[in-house]
Amino acid sequence: MSKCVAAGRHHSEAKGISMFIIYIIVTIVTVAANVFAAVVDFRHPQWVVDNITRWGGSQSWLFTLGALKAAGALGLMIGIGVPLVGVAAATGLVLFFVGAIVVVTRARWYSHLPWPATYLFLAVASLALRLAV
């Protein structure tokens, strides 16, 4: 094997390891954010109840919304070792937060868009990186 081919393979392997490390970091941040959001939903603080009511929802939805976020976080963690699960979980979270953006936009509460947009960005990043590694 020529030195050029061997050097190219080593560079490619190092790049793959670096991408995987970035994927792990982004996924862990996404998991932590969604676990936090799920716990907030499960605890029903007044500000969350006020927000969901203003957006046209009901306090009774909070458990289900929290469970979906927690399931997405769990799926992302499992997806580190089982890629198809990671893709499914990240896709689910992307759809969830697109829906959240639609709800906030329909309520015309534009100042709240950065919150679901941040979670959407993390979910998209986790999905893109899962597909890349």
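What is the volume of the largest pocket? I looked that up before anything else, and got about 700 Å³. Note to self: this is a predicted model.

**Pocket lining**

I pulled the lining next and got 25 residues for the largest pocket. Closest to its centre sit D41, W55, K69, F97 and A100. I then checked which elements give two or more residues to that lining, and they are α1 (3–43), α2 (46–54), α3 (62–79), α4 (83–106) and α5 (114–132). Helix α4 supplies the largest share, with 6 residues.

I sorted the lining by class as well. Nonpolar residues account for 18, polar ones for 5 and charged ones for 2.

**Salt bridge**

Which residues meet in a salt bridge? I searched the whole structure and came back with 1. The side chains involved belong to K69 and D41, at 2.7 Å from N to O. K69 is in helix α3 and D41 in helix α1, so this pair ties together parts 28 residues apart in sequence. I jotted down the general point too: side chains of opposite charge can pair when their charged atoms come close.

Both names were already in my pocket notes, since D41 and K69 are among the lining residues closest to the centre of the largest pocket.

**Buried or exposed?**

I looked up accessibility for the two partners, keeping in mind that buried means under 20% relative accessible area. K69 comes out at 11%, so I put it down as buried. D41 has a relative accessible area of 5%, so D41 goes down as buried too.

Methods. Residues numbered from 1 in each chain as written. Predicted model: local features only at pLDDT ≥ 70, side-chain atom pairs only at ≥ 80, totals over all residues. Heavy atoms only, no water. 1 Å grid on protein atoms, 1.4 Å probe; cavity = no way out; pocket = protein on both sides within 12 Å on 5 of 7 lines; lining within 4 Å. Points joined across faces, edges and corners; volume = space filled by probe spheres on them. Helix = DSSP H or I, 4+ residues; strand = E, 2+ residues; numbered from the N terminus. Nonpolar A, V, L, I, M, F, W, Y, C, P; charged D, E, K, R; others polar. Salt bridge = Lys/Arg side-chain N within 4 Å of Asp/Glu carboxyl O. Buried < 20%, exposed > 50% of the residue type's maximum accessible area, 1.4 Å probe, protein only.
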